Amino acid sequence: MVNLKRTREDILSSVGELIHRQGIQSTGLKELFAVSQVSSGSFYNYFESKDELAHALIDFKWNELKAAILIPAMNASEDPIANLFWMIDRLEEKHLTDPNCAGCLLGNLIVDLVAHDSSFQEHLVQVFNEWQNAIAQLLQAGQTQLLPNINPEELAEQLLAMIEGVLLMERLYKQPARLHRGFDNIRCFLRAALY
């Protein structure tokens with residue numbers, strides 16, 4: 001069983017970059033088999049369909065993002081607002097270090113999959129709600145630093161929308177300076193909500 005999990009994760013890891021760049025709907029099965037270096041038979045041992053692969057990829061990439069950025073951000077320091085800035089900085093850093101940044105894979109999959117099948121909408125809503133709740137949790141913990149009229153849940157929603165917007169524009173423009181300005185705007189927006 002250990003081997004099955006490792007191979008499944010290897011497939012998800014290997015196809016992630018291709019799907020990130022061109023979307024799952026535009027990626028043929030032959031391309032998936034080739035990039036993952038498995039036969040169609042082996043592929044179907046792990047995934048019954050391309051849709052099942054897409055659902056697995058959502059979970060795989062979400063778990064990677066949580067492990068690399070969200071979970072560490074919750075404990076980066078004793079100051080929850082500083083931790084939120086840390087999260088924003090790490091997201092920017094992650095995307096700036098990719099010379100061919102294609103935006104946020106999870107955000108890209110919204111465009112690619114939601115109209116295809118309602119199960120993808122439900123799945124991605126669950127992921128983005130979890131992310132938004134993590135941001136809201138930091139804001140709630142740091143509520144004494146927020147201006148009195150600031151609602152932490154609404155601010156979390158706005159921050160996540162801004163992050164995804166900046167990453168979507170980076171996919172379009174492919175200009176690191178623009179990405180940096182976008183993240184600076186997110187930090188300014190957050191600072192404006194603080195005492």
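# A tour of an all-helix model

Select Gln37 to begin: this residue sits in the loop between helix 2 (29-36) and helix 3 (40-46). You are looking at a predicted model, so keep that in mind as you click around. What is the phi of Gln37? About 55°, a positive value, although Gln37 is not a glycine. For background, most residues other than glycine have a negative phi. Turn on the surface and see whether Gln37 is buried or exposed. With a relative accessibility of 73%, Gln37 counts as exposed, because the cut-off for that class is over 50%.

**Next stop: another loop**

Now jump to Lys174, in the loop between helix 8 (152-173) and helix 9 (176-192). Here too phi is positive, near 55°, in a residue other than glycine. Lys174 has a relative accessible area of 48%, so it falls in the partly exposed class.

**Zoom out: the whole chain**

Show the full chain as a cartoon. How many helices and strands are there? Nine helices and zero strands. Follow the elements from the N terminus and you read α-α-α-α-α-α-α-α-α. The radius of gyration is 18 Å, close to the 16 Å that the globule rule gives for 195 residues, so the chain is as compact as a globular protein of that length. If you drew a box along the principal axes, the C-alpha atoms would fill roughly 60 × 35 × 30 Å.

Try colouring by accessibility. Buried residues make up 43% of the 195 residues. The chain exposes about 10,200 Å², and carbon and sulfur atoms supply 53% of that area. Now think about contacts: among those with a separation of 6 or more, 66% are between residues 24 or more positions apart.

**Select Leu84: a buried spot**

Leu84 is in helix 5 (80-96). Its relative accessibility is 1%, so Leu84 counts as buried. Which residues does Leu84 touch, leaving aside those up to four places away in sequence? Show the side chains of Ile135, Leu138, Leu139, Leu159 and Leu190. Pick Ile135 from that group and draw a distance line: the C-alpha atoms of Leu84 and Ile135 are separated by 7.0 Å, with their positions 51 residues apart along the chain.

**Select Glu64: a partly exposed spot**

Move over to helix 4 (50-74), where you will find Glu64. At 35% relative accessibility, Glu64 counts as partly exposed. Draw another distance line, this time to His123: the two C-alpha atoms are separated by 16 Å, and the residues are 59 apart along the chain.

**Select helix 6: a mostly buried helix**

Highlight helix 6 (105-113). Seven of its nine residues are buried, so helix 6 is largely enclosed by the rest of the structure. Which ones are buried? Leu105, Leu106, Gly107, Asn108, Leu109, Asp112 and Leu113. While you have a helix on screen, here is a handy rule: an α-helix has 3.6 residues a turn, so residues three or four places apart point the same way.

**The largest pocket**

Keep Leu105 in view and open the pocket display. The largest pocket has a volume of about 370 Å³. Of the 22 residues that line this pocket, the closest to its centre are His20, Lys61, Lys94, His95 and Leu105. Select those five and you have your bearings. At least two lining residues come from each of helix 1 (2-22), helix 4, helix 5, helix 6 and helix 8. Which helix gives the most? Helix 4, with five residues. Colour the lining by class and you should find 11 nonpolar, five polar and six charged residues.

**The second largest pocket**

Last stop. The second largest pocket has a volume of about 250 Å³. To centre your view, select Gly107, Ile110, Phe128, Leu160 and Glu164, the closest to its centre among the 16 residues of the lining. Helix 6, helix 7 (118-141) and helix 8 are the elements that give two or more residues here. Helix 8 has the largest share, six residues. By class, the lining of this second pocket has 10 nonpolar, five polar and one charged residues.

To finish, show both pockets and highlight helix 6 again. Helix 6 supplies at least two lining residues to the largest pocket, and helix 6 also gives two or more to the second largest.

Technical notes:
Residues are numbered from 1 along each chain as its sequence is written. This is a predicted model: local features need pLDDT of at least 70, side-chain atom pairs count only at pLDDT 80 or more; totals for chains, interfaces and linings use all residues. Side-chain values use heavy atoms; hydrogens and water are left out. On a 1 Å grid over the protein atoms alone, a cavity is a set of points where a 1.4 Å probe fits but cannot get out, and a pocket is an open set with protein on both sides within 12 Å along at least five of seven lines; lining residues have an atom within 4 Å of a point. Grid points are joined across faces, edges and corners, and a volume is the space filled by probe spheres set on the points. Helices (H or I, at least four residues) and strands (E, at least two) are DSSP runs, numbered from the N terminus. Ala, Val, Leu, Ile, Met, Phe, Trp, Tyr, Cys and Pro count as nonpolar, Asp, Glu, Lys and Arg as charged, and the others, Gly among them, as polar. The radius of gyration is taken over C-alpha atoms; the globule rule is 2.2 Å times the number of residues to the power 0.38. Buried means under 20% relative accessible area, exposed over 50%, partly exposed in between (1.4 Å probe, protein chains only). Contact means heavy atoms within 4.5 Å. Accessible areas come from the Shrake-Rupley method with a 1.4 Å probe; for residues, only the protein chains shown count as cover.
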